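Visitor: Could you walk me through this structure and tell me how each label is earned?
Guide: Happily! Take a look first, and then ask away.

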Amino acid sequence: DGRLELDNNRSERSIKPFVIGRKNWLFANTPRGAKASAITYSIIETAKENGLNPFHYLIYLFEKLPNLDLEDKNALDQLLPWSETLPPICLMNN
């Protein structure tokens, strides 16, 4: 998006934990491990940006995703971090 700045402090702060801890993630030495890490980090950082407690949000996802009705096109939308249907326990202040 050309309207956005190329560099900003907010994005730099969000990637700082990954830069500092990169030696802790040496298990991602395969493409599948790197993909799994990227998915996990994306979910956690998106939850934070949407004011959610990542721990409680992940627990909620792990409980709901196995029983998700794939025929219901709105079912997945209700689990997204910006959904208004998330339980209060997922919010950051809880």
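Guide: Let's start at Asn50, which sits in the loop between α2 and α3. Keep in mind that this is a predicted model.

Visitor: What makes Asn50 partly exposed?
Guide: Its relative accessible area is 32%. Buried would need a value under 20%, and exposed a value over 50%. Asn50, at 32%, falls in between, so it is called partly exposed.

Visitor: Which residues does Asn50 touch, leaving out those up to four places away in sequence?
Guide: Asn50 touches Pro81 and Trp82. Touching here is a matter of heavy atoms within 4.5 Å. Along the chain, Asn50 and Trp82 are 32 residues apart, yet 6.1 Å separates their C-alpha atoms.

Visitor: Why is the pair Lys48 and Glu45 called a salt bridge?
Guide: The rule asks for a side-chain nitrogen of Lys or Arg within 4 Å of a carboxyl oxygen of Asp or Glu. For Lys48 and Glu45, the N to O distance is 3.2 Å. That value is within 4 Å, so the pair qualifies. By this rule, the count comes to one salt bridge. As general background, side chains of opposite charge can pair when their charged atoms come close.

Visitor: Where do Lys48 and Glu45 lie with respect to each other?
Guide: Both are in helix α2, which covers residues 31-49, and they are three residues apart, so about one helical turn separates them.

Visitor: Are these two partners buried or partly exposed, and how do you know?
Guide: They get separate labels. Glu45 has 16% relative accessibility, under the 20% cut-off, so Glu45 counts as buried. Lys48 has 38%, between 20% and 50%, so Lys48 is partly exposed.

Visitor: What lines the largest pocket?
Guide: Among the lining residues are Ser42, Ile43, Thr46, Tyr57 and Pro81. Pro81 is also a residue that Asn50 touches. The space in this pocket is about 160 Å³. Helix α2 gives the most to the lining, with three residues, while α2 and α3 each supply at least two.

Visitor: How many residues of each class does that lining have?
Guide: Eight are nonpolar, two are polar and none is charged. Ser and Thr are outside the nonpolar and charged lists, so Ser42 and Thr46 count as polar.

Visitor: What is the overall make-up of the protein?
Guide: It has three helices and zero strands, running α-α-α from the N terminus. Of its 94 residues, 19% count as buried.

Visitor: Where is the confidence lowest, and where is it highest?
Guide: The lowest is in helix α1 (residues 9-20), with a mean of 73, and the highest is in α3, at 95. The protein averages a pLDDT of 84, and 85% of the residues score at least 70. Where pLDDT is low, the predicted coordinates should not be read in detail.

How values were computed
Residues are numbered from 1 along each chain as its sequence is written. This is a predicted model: local features need pLDDT of at least 70, side-chain atom pairs count only at pLDDT 80 or more; totals for chains, interfaces and linings use all residues. Side-chain values use heavy atoms; hydrogens and water are left out. Helices (H or I, at least four residues) and strands (E, at least two) are DSSP runs, numbered from the N terminus. Buried means under 20% relative accessible area, exposed over 50%, partly exposed in between (1.4 Å probe, protein chains only). On a 1 Å grid over the protein atoms alone, a cavity is a set of points where a 1.4 Å probe fits but cannot get out, and a pocket is an open set with protein on both sides within 12 Å along at least five of seven lines; lining residues have an atom within 4 Å of a point. Grid points are joined across faces, edges and corners, and a volume is the space filled by probe spheres set on the points. pLDDT is the predictor's confidence in each residue, from 0 to 100.
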